Amino acid sequence: MQTDTRSRRTPRGALALAGAAVLALTLAGCSDDKETMATWTAKGGQEQAKVIGGDVQALIRLSGNGDAAKCREILDHVKTARAFRKLPDQDAQKSWEETLNRIETAANTCVQNPTGLSGGPKLSEAVEAQQAYSDFGIRISVLAKTGS
């Protein structure tokens, strides 16, 4: 029996959107010292974080539906984010890498299985990507509070 899961996706998508907004504000509030989150943010990090946050939302929406072209676009965003400069905080960098790994896994599943009743990324993979992104946002919040 197929059930409609859209109502479950909406709150998760809203959480991801809210998380992206908080992350953007937090990144902008870090100090201006040489190797800080503020320099990472000012040099394109904030935009990278926004794009990746949007990709997390897209993966959740695509769960059970699929769109191979959109998932290939998400994989391109992951590639771009990986090539971007490293974060100045080791824990934030690890969290960022985990986020990118989880997104890549979900997007690859989508590309490999784009159609049918279970097409697109697995919802569990998309939720894991969302959790990793949330963990990244938490680490950024901690850095902002300490002025790092």
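A crossing of two helices is left-handed if the near helix is turned anticlockwise from the far one by less than a right angle, and right-handed if clockwise. Keep that handy for the tour.

What you have open is a predicted model, where local features need pLDDT of at least 70, side-chain atom pairs count only at pLDDT 80 or more, and totals for chains, interfaces and linings use all residues. Residues are numbered from 1 along each chain as its sequence is written, and side-chain values use heavy atoms, with hydrogens and water left out.

**Stop 1: the whole chain**

Color by secondary structure and you get five helices and zero strands, running α-α-α-α-α from the N terminus. (Helices are DSSP runs of H or I with at least four residues, strands are E runs of at least two, and both are numbered from the N terminus.) Of the 148 residues, 43% are buried, where buried means under 20% relative accessible area, exposed over 50%, and partly exposed in between, with a 1.4 Å probe and protein chains only. Take the contacts (heavy atoms within 4.5 Å) between residues at least 6 apart in sequence: 74% of them join residues at least 24 apart.

**Stop 2: α2 against α4**

Select residues 37–62 for α2 and 90–112 for α4. Two packed helices are described by the angle between their axes and the distance between the axes. Here the axes come within 11 Å and cross at roughly 35°; axes are lines fitted to C-alpha atoms, for helices over the stretch in contact, and angles run from 0 to 180 degrees between N-to-C directions. The crossing of α2 and α4 is left-handed. Show side chains for Q48, A49, I52, V56 and L59 in α2, and you'll see them meet W96, T99, L100, I103, A106 and A107 in α4. That contact splits into nine nonpolar, two polar and no charged residues. (Ala, Val, Leu, Ile, Met, Phe, Trp, Tyr, Cys and Pro count as nonpolar, Asp, Glu, Lys and Arg as charged, and the others, Gly among them, as polar.)

**Stop 3: α2 against α5**

Keep α2 and add α5, residues 123–146. Their axes come within 10 Å and cross at roughly 155°, so α2 and α5 are roughly antiparallel to each other. (Angles under 35 degrees count as roughly parallel, over 145 as roughly antiparallel, 65 to 115 as roughly perpendicular and the rest as oblique.) This crossing is left-handed too. Residues to pick out include W40, I52 and V56 of α2, plus Y133, F136 and I140 of α5. By class, the contact of α2 with α5 has 13 nonpolar, two polar and no charged residues.

**Stop 4: α2 against α3**

Swap in α3, residues 68–83: its axis and that of α2 come within 10 Å and cross at roughly 150°, which means α2 is roughly antiparallel to α3. Among the residues making this contact are D55 and L62 of α2 and K70 and H77 of α3. Here the tally is nine nonpolar, three polar and two charged.

**Stop 5: the loop between α4 and α5**

Finish by selecting N113, in the loop between α4 and α5. N113 is partly exposed, with a relative accessible area of 29%. Measure from its C-alpha to that of G66, 47 residues apart along the chain, and the separation is 7.4 Å.

P114 sits in that loop between α4 and α5 as well. What does P114 touch, not counting residues up to four places away in sequence? Look for N65, G66, D67, A68, G119 and G120.
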